[in-house]
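Trainee: Could you take me through one part of this model in close detail? I'd like to see how a pair of helices pack together, and what else is around them.

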Amino acid sequence: MDAPLRQPQDIPLKGVRTNIVQSIRAFRVTDLQDAANELNQHFLYANLAHAQTKQDVLDMIAEQFTFPAHFGKNFDALYDCMTDPLHKSGPQPGFIVVLEQIPATVKFDKEAREQLLDIFRDAADYWGDRKIPFRCFYSFL
C-alpha cells in the first residue's frame with residue numbers, strides 16, 4: 001500500500017474550523033497565505049493600520065480586496081461583496097481572509113469593530129451553508 005504524500009500534522013490549518021472568524025493569535029500572515037495557496041483557496045488580505053474611521057476601513061478593504069468600482073462602501077455592501085457575487089460566479093474553493101490591525105479609535109470604536117467582524121461571521125455562515133471553507137483571521141491595532 002502506498003504511503004500518503006502528506007502526514008496529517010502537515011495539513012494546513014489542521015484543527016481550525018472551516019467556517020470561523022477568530023483572532024490571528026499564533027498564526028503569521030505569510031503562513032496563512034501559504035496555507036491558502038496549498039489548499040487552493042482565495043487569500044484576501046487587508047492591512048487597516050492607517051484607518052481612522054468606518055469609511056477608511058471600508059475604503060481600504062475595498063481597495064485591498066479589489067472590489068468592483070460600484071462597491072457601496074457600507075457594511076451591507078461589504079457583506080454582499082463577500083457573498084453573493086462570488087457565489088454566482090461559480091464554484092468556489094474556499095477563502096482565507098486576514099484583517100490585520102483593525103483600528104481602535106474614537107471614530108472606529110468597539111461597536112464598529114464588532115459590526116465589522118459580524119459581517120465576516122455572517123459571511124462565514126453563508127459559505128458554511130454551502131459547504132465552502134471560509135476562515136477569517138483578525139488583529140487589532
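Mentor: Helices H3 and H5 run roughly parallel to each other, because their axes cross at roughly 25 degrees and angles under 35 degrees count as roughly parallel. Bear in mind that this is a predicted model. H3 covers residues 75-82 and H5 covers residues 110-129, with the two axes coming within 10 Å. As for handedness, H3 goes past H5 in a right-handed crossing. On the H3 side, the contact is made by Phe75, Leu78, Tyr79 and Met82, while H5 brings in Ala112, Gln115, Leu116, Ile119, Phe120, Asp122, Ala123, Tyr126 and Trp127. Sort those contact residues by class and you get 11 nonpolar, 1 polar and 1 charged.

Now follow Met82 of H3: besides touching H5, Met82 also helps line the largest pocket. That pocket has a volume of about 200 Å³. Its lining also includes His42, Leu44, Phe65, Phe67, Cys81, Pro85 and Phe95. The elements giving two or more residues to the lining are strand E2 (42-47), H3 and helix H4 (84-88). By class, the pocket lining comes to 9 nonpolar and 3 polar residues, with no charged ones.

Definitions and conventions
Residues numbered from 1 in each chain as written. Predicted model: local features only at pLDDT ≥ 70, side-chain atom pairs only at ≥ 80, totals over all residues. Heavy atoms only, no water. Axes fitted to C-alpha atoms, helices over the stretch in contact; angles between N-to-C directions. Helix = DSSP H or I, 4+ residues; strand = E, 2+ residues; numbered from the N terminus. Parallel < 35°, antiparallel > 145°, perpendicular 65-115°, else oblique. Left-handed = near helix turned anticlockwise from the far one by under 90°. Contact = heavy atoms within 4.5 Å. Nonpolar A, V, L, I, M, F, W, Y, C, P; charged D, E, K, R; others polar. 1 Å grid on protein atoms, 1.4 Å probe; cavity = no way out; pocket = protein on both sides within 12 Å on 5 of 7 lines; lining within 4 Å. Points joined across faces, edges and corners; volume = space filled by probe spheres on them.
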